[in-house]
Amino acid sequence: MRVYLAIIDETEEAHLALRFAARRAADTGGSVHILALVPRQQFSAFGGVQATIEEEARDRAEVMANSAAGELFSESGRMPQIAVRVGEGVTVINEYLDSHPEVAALVLGAAKEGNPGPLISHFSAHSGSLRCPLFIVPGGLGEERIDELS
């Protein structure tokens with residue numbers, strides 16, 4: 001079974017990438033894994049404050065990922081696998097890919113304007129050494145166009 005890994009955050013392009021992954025999975029009899037990233041907080045002299053900030057960020061990421069999963073389930077009838085990880089994005093994604101060899105494609109959404117984003121910049125520069133294909137979904141595409149392409 002093909003597994004499409006979509007990286008989710010609060011941006012529109014991430015939701016478009018997730019839609020693309022869900023449509024591809026439906027068309028190929030595959031599934032979707034949703035990975036929500038929580039950046040590690042900068043060191044604070046007040047460790048309790050730092051821990052609270054990280055916990056709140058993790059809670060927001062979990063709510064966002066569960067909401068996205070619910071939308072996918074209502075559309076496709078299939079529940080995606082959800083993971084929320086704390087750490088630097090590139091490292092977390094590489095670790096996830098290492099521990100999930102069933103992932104058939106990494107799906108990222110590019111910003112509509114300007115710099116496509118740090119994940120796309122990194123993974124496109126290192127695409128030759130990835131363990132799976134990299135799909136980059138342009139942020140300027142609408143949902144109808146994504147449905148046509150996927």
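A crossover between two strands is right-handed if, with the strands pointing away from the viewer, the path from the first strand over the helix to the second runs clockwise. That definition will be needed at the second stop of this tour, which is made through a predicted model.

**The whole chain**

Begin with the entire chain displayed as a cartoon. Five helices and five strands make up its secondary structure, and along the sequence they follow the pattern β-α-β-α-β-α-β-α-β-α. The radius of gyration is 15 Å, close to the 15 Å given by the globule rule for 150 residues, so the chain is as compact as a globular protein of that length. Viewed along the principal axes, the C-alpha atoms fill a box of roughly 50 × 35 × 30 Å. Of the 150 residues, 42% are buried. Among contacts with a separation of 6 or more, 72% join residues 24 or more positions apart. Switching to a surface representation shows an accessible area of about 8,100 Å², of which 52% belongs to carbon and sulfur atoms.

**Strands E4 and E5 with helix H4**

Next, select residues 103–110, which form strand E4, and residues 134–138, which form strand E5. The two strands pair in the parallel sense over five bridges. One bridge to locate is that of Gly109, whose partner in E5 is Val137. Now add residues 118–125, helix H4: together with E4 and E5, this helix makes a right-handed β-α-β unit.

**The two sides of H4**

Keep H4 selected and show its side chains. Which residues of H4 are buried? They are Leu119, Ile120 and Phe123. These residues cover an arc of only 90° around the axis, which puts them on the same side of H4. An α-helix has 3.6 residues a turn, so residues three or four places apart point the same way. On the other side of H4, Pro118 and Ala125 are exposed. To see what the buried residues of H4 pack against, display strand E1 (3–8), strand E2 (31–38) and helix H3 (89–99) along with E4 and E5.

**Glu143 in helix H5**

Finally, select residues 143–149, helix H5, and centre the view on Glu143. Is Glu143 buried or partly exposed? Glu143 is partly exposed, because its relative accessible area is 44%, a value between the 20% limit for buried and the 50% limit for exposed. Leaving aside residues up to four places away in sequence, Glu143 touches Leu16 and Arg19. His15 can be added to the selection as well: His15 and Glu143 are 128 residues apart in sequence, and their C-alpha atoms are 9.7 Å apart in space.

Terms used. Residues are numbered from 1 along each chain as its sequence is written. This is a predicted model: local features need pLDDT of at least 70, side-chain atom pairs count only at pLDDT 80 or more; totals for chains, interfaces and linings use all residues. Side-chain values use heavy atoms; hydrogens and water are left out. Helices (H or I, at least four residues) and strands (E, at least two) are DSSP runs, numbered from the N terminus. Buried means under 20% relative accessible area, exposed over 50%, partly exposed in between (1.4 Å probe, protein chains only). Contact means heavy atoms within 4.5 Å. Two strands pair if DSSP finds at least two bridges between them. The radius of gyration is taken over C-alpha atoms; the globule rule is 2.2 Å times the number of residues to the power 0.38. Accessible areas come from the Shrake-Rupley method with a 1.4 Å probe; for residues, only the protein chains shown count as cover. The arc is that of the directions from the helix axis to the C-beta atoms.
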